[in-house]
Amino acid sequence: MTSAGAASPPRSQRARQGLSTAGLLLPAYGWLLLAVFLPLGAMFIFSFLKTTPFGSSKPLVFTIQNYLAFVNRPYLVDVAWTSLQLGFWTTGLCALIGLPAALALSRATKGRFRQVVFLLTILPFWTNGLVRIFSWTMLLREGGIIDALLHLVVPGAGSISLLYSFPAIVIGLVHAYLPYMILTCYLAVDSIEDGLIDAARSLGARAPTVFATVILPLALPGLISGSILIFVPVIGSFMEPRILGGRIGVTMGTVVEDQFTQAYNWPLGSALSFSMLAVVLVIFAIFSRALRGRMLDA
Amino acid sequence: MSRLDRRQFTLMASAGLASAATGLMSRAAQAADPVKTITVLNWQGYGTDEAFGLKAFAAATGIEVKHDYYNAEPEMLTKLRTNPGAYDVVLVNSARDAQAQADGLIDAVDLSKVPNAAGLADAFKTNPNITIDGKTYGVPWVWGMNALAVRKDKAAGIDSYKVFQDPAFAGRGALFDDAVTEIAVAALMTGQNINNPSDMKLIGETLKSFKKDIKLIWSSEDEWNKAFAGGAFDVSIFWSGAITRAVHLHNQPVEFVIPKEGAVGWLDNLCVPATSTKKEAGLAFINYMIDPKFYVQWATSGAPASANSAAMDMLPADDLNKQIHKPEYLPKLQFMGALPEDRRQAFNDLWEEVKAGYAH
């Protein structure tokens, strides 16, 4: 709605516009309030309680003990570090695979073929998470499909079993979250005009230079939004670590899940979640400062 | 709100009121005619709602058995508290018996009024978890054990939980992701009471010493079966009831071992709610539930072991349930009992720490 340049509309019309804007925004903000802020706010209050506020008639006791968990339970620092490592590995691998895939989609496909490839890209979204993970257990286990294929090619090779290891968790997570990266990168890459690349080439730039100086900077917004979309849920993931990680699969996600489902300690669970949220925000703050500095240099 | 909306709303509201009213009326009708129906509170698909049993019981007594289900033990206690008089029989695990008794939710049972109780093994009849001040709160019904499941060709000579510290089983072990069970295992190994261990530090050290052997911490029977079939581990903490299913349904080459340190026992009891108005009929149903004739038929569709020795005796000799749940194991069991909230929390915290230690 642009009224720029035109004479400013009469007051009644402006009031009506304001009303309709408010009316249009109301559902979205109402929903946001109901579905995000209220439950999150409740969880935030729970995180300062001593015990879960259901199923007991005891009076509520407030405490900040739950936020001292990382001090009182030093082993949680290792657990948090595992989660961050999972986040960095998964996001990094998704970027490594996702950007070239997006480039290929945008530059080398068209028409129906592109639609088919798109469909295949989004397919992991449409499959149930548990089914996806359990199918990976069949692939990764000793004597599993990958193992059997290897023996078909190299009969004398030792057996490989990736299941119940750190790489197994990363594989499962990359499979689950790669579509985010491909889609965000595709949006960024697809809007790069051919003329820019032609101009770079005509000035003598070879492919690596074109990639580093033209495509990569222009794809950066896609890479960043993809990374944010992936990093946050990976930090909190619990299904993949539990099923693919075996003994290794203890992450902040599984610890928080245990507090809610087994230990029935909602306050500790929510305090741990909010602590991790703070860590993630700090990491983003550092990255965004570094990125802004780079962009100003360029 | 348009007129149509308002009309629909009124319709919906009156429908809601009407159904609530009929609900009240039917409850009043039930109370007026007590011998016709009783209501059982239990897990769904857990014995009391077997169709053949309900039919036979109705034929014998004229009493129709209705059901209400719970999905968690706290929910069971809440339902008993908030619906006084609604239930006539309730299934209570021995770990919750003391709590239900202390809250005045269940009555003591005079076992002499339950003829089939004569066959109950002494370990159950006088189980400390259900015997409070010399009275028995509930009729022992079915039971099971958590102990060792070992791959058949590796089972020779294994008679101790120390197998989890054995270098020969490095990376070949699995534990159940449950704080109460695993702390009980370490308590058995160190000669402590599983429900109130005196030395939690020792328990933590014992569990941490399993690290090199533990490959997997499983959390569902399905996960266990898939991983065992895939050869992920050879020895695990497992449930006695799940062993029979692993052998029968999945053809797993697995053996159940009760180690010399003992095993963790659980016991499900059928209890009479204190607020029931049809206690006689409830007891009659409980008597039928521990009847060997009912049990033997239920056993064909995968029942847990019966607490009634007479019922177990009637199973065919090659029945796996019978072979696993031997009466001579009973004295070696420690039964899971009530845990105060702070102790349960301490168990969970310790188990969380142990798991984090396994991962790093």
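**Notes on the two-chain model**

1. Start with Asp177(B) and Arg242(A): these two make a salt bridge, with their closest N and O atoms 2.7 Å apart. Asp177(B) sits in the loop between E7 and helix H6 (179-189) of chain B, while Arg242(A) belongs to helix H10 (residues 239-245) of chain A, so this pair joins two chains. Asp177(B) counts as buried because its relative accessibility is 3%. Arg242(A) is buried too, with a relative accessible area of 15%. Keep in mind as you read on that this is a predicted model.

2. A second link between the chains is worth a look. Asp258(A) forms a salt bridge with Lys355(B), and here the closest N and O atoms are 2.5 Å apart. Asp258(A) is in helix H11 (residues 252-261) of chain A and Lys355(B) is in helix H14 (residues 341-359) of chain B, so this pair also joins two chains. Both Asp258(A) and Lys355(B) are buried.

3. Now the interface as a whole. On chain A, 21 residues are in contact with 24 residues of chain B. Together the chains bury about 2,200 Å², 49% of it on carbon and sulfur atoms. Which three residues of chain A supply more of the area it buries against chain B than any other three? They are Tyr75(A), Tyr164(A) and Arg247(A), with 32% of that area. The interface has 3 salt bridges by the rule used, and the model has 19 over all chains. Asp349(B) and Arg73(A) also meet through their side chains in a salt bridge, at 3.0 Å from N to O.

4. Helix H8 of chain B has a salt bridge of its own. Asp222(B) pairs with Lys226(B), the closest N and O atoms being 2.8 Å apart. Both residues lie in that helix, 4 residues apart, or about one turn. Asp222(B) counts as partly exposed because its relative accessibility is 41%, and Lys226(B) gets the same label, partly exposed, at 36%. Back with the buried pairs, salt bridges that share partners join Arg242(A), Glu257(A), Asp258(A), Asp177(B) and Lys355(B) into one network.

5. Lys226(B) has another partner to check. Lys226(B) lies over the face of Phe134(A), at 4.7 Å from the ring centre. Arg151(B) does something similar within chain B: it lies over the face of Phe228(B), at 4.0 Å from the ring centre.

6. On to the aromatics, where the structure holds 32 pairs over all chains. Take Phe88(A) and Phe231(A): their ring centres are 5.3 Å apart and their planes are at 40°, so the pair is tilted. Phe88(A) is in helix H3 (residues 75-108) and Phe231(A) in helix H9 (residues 207-235), both of chain A, so the pair ties together parts that are 143 residues apart in sequence. Are these two rings' residues buried or exposed? Phe88(A) counts as partly exposed, at 36% relative accessibility, whereas Phe231(A) counts as buried, at 5%. Chain B has an aromatic cluster whose members include Tyr46(B), Trp141(B), Phe285(B) and Trp298(B).

7. Strand E9 (residues 235-239) of chain B is mostly covered, with 4 of its 5 residues buried. E9(B) runs antiparallel to strand E6 (residues 139-151), joined by 5 bridges, and Val150(B) stands opposite Val235(B). With strand E7 (residues 173-176), E9(B) runs parallel and shares 2 bridges; there, Ala174(B) stands opposite Ser236(B).

8. Helix H9 (residues 240-250) of chain B has Ser240(B), Ala242(B), Ile243(B), Thr244(B) and Ala246(B) buried. What do the buried residues of H9(B) pack against? Their partners in chain B are E6, helix H8 (221-229), E9, strand E10 (254-257) and helix H13 (320-324).

9. Two backbone spots deserve a second glance. Most residues other than glycine have a negative phi. Asn251(B), which follows H9(B), has a positive phi near 55°. Asn251(B) lies in the loop between H9 and E10 and is exposed, with a relative accessible area of 67%. Asp133(B) is not a glycine, yet has a positive phi of about 50°. Asp133(B) is in the loop between strand E4 (131-132) and strand E5 (135-136) of chain B, and counts as exposed at 77% relative accessibility.

Note on methods. Residues are numbered from 1 along each chain as its sequence is written. Chains are lettered from A and ligands numbered from 1 in the order in which they are written. This is a predicted model: local features need pLDDT of at least 70, side-chain atom pairs count only at pLDDT 80 or more; totals for chains, interfaces and linings use all residues. Side-chain values use heavy atoms; hydrogens and water are left out. Buried means under 20% relative accessible area, exposed over 50%, partly exposed in between (1.4 Å probe, protein chains only). Two strands pair if DSSP finds at least two bridges between them. Rings of Phe, Tyr and Trp (its six-membered ring) pair if their centres lie within 6.5 Å; planes under 30 degrees apart count as stacked, over 60 as edge-to-face and the rest as tilted. A charge sits over a ring if NZ of Lys or CZ of Arg is within 6 Å of the ring centre and within 35 degrees of the ring normal. Contact means heavy atoms within 4.5 Å. Buried area is the accessible area (1.4 Å probe) that two parts lose on being put together, summed over both. A salt bridge is a side-chain nitrogen of Lys or Arg within 4 Å of a carboxyl oxygen of Asp or Glu.
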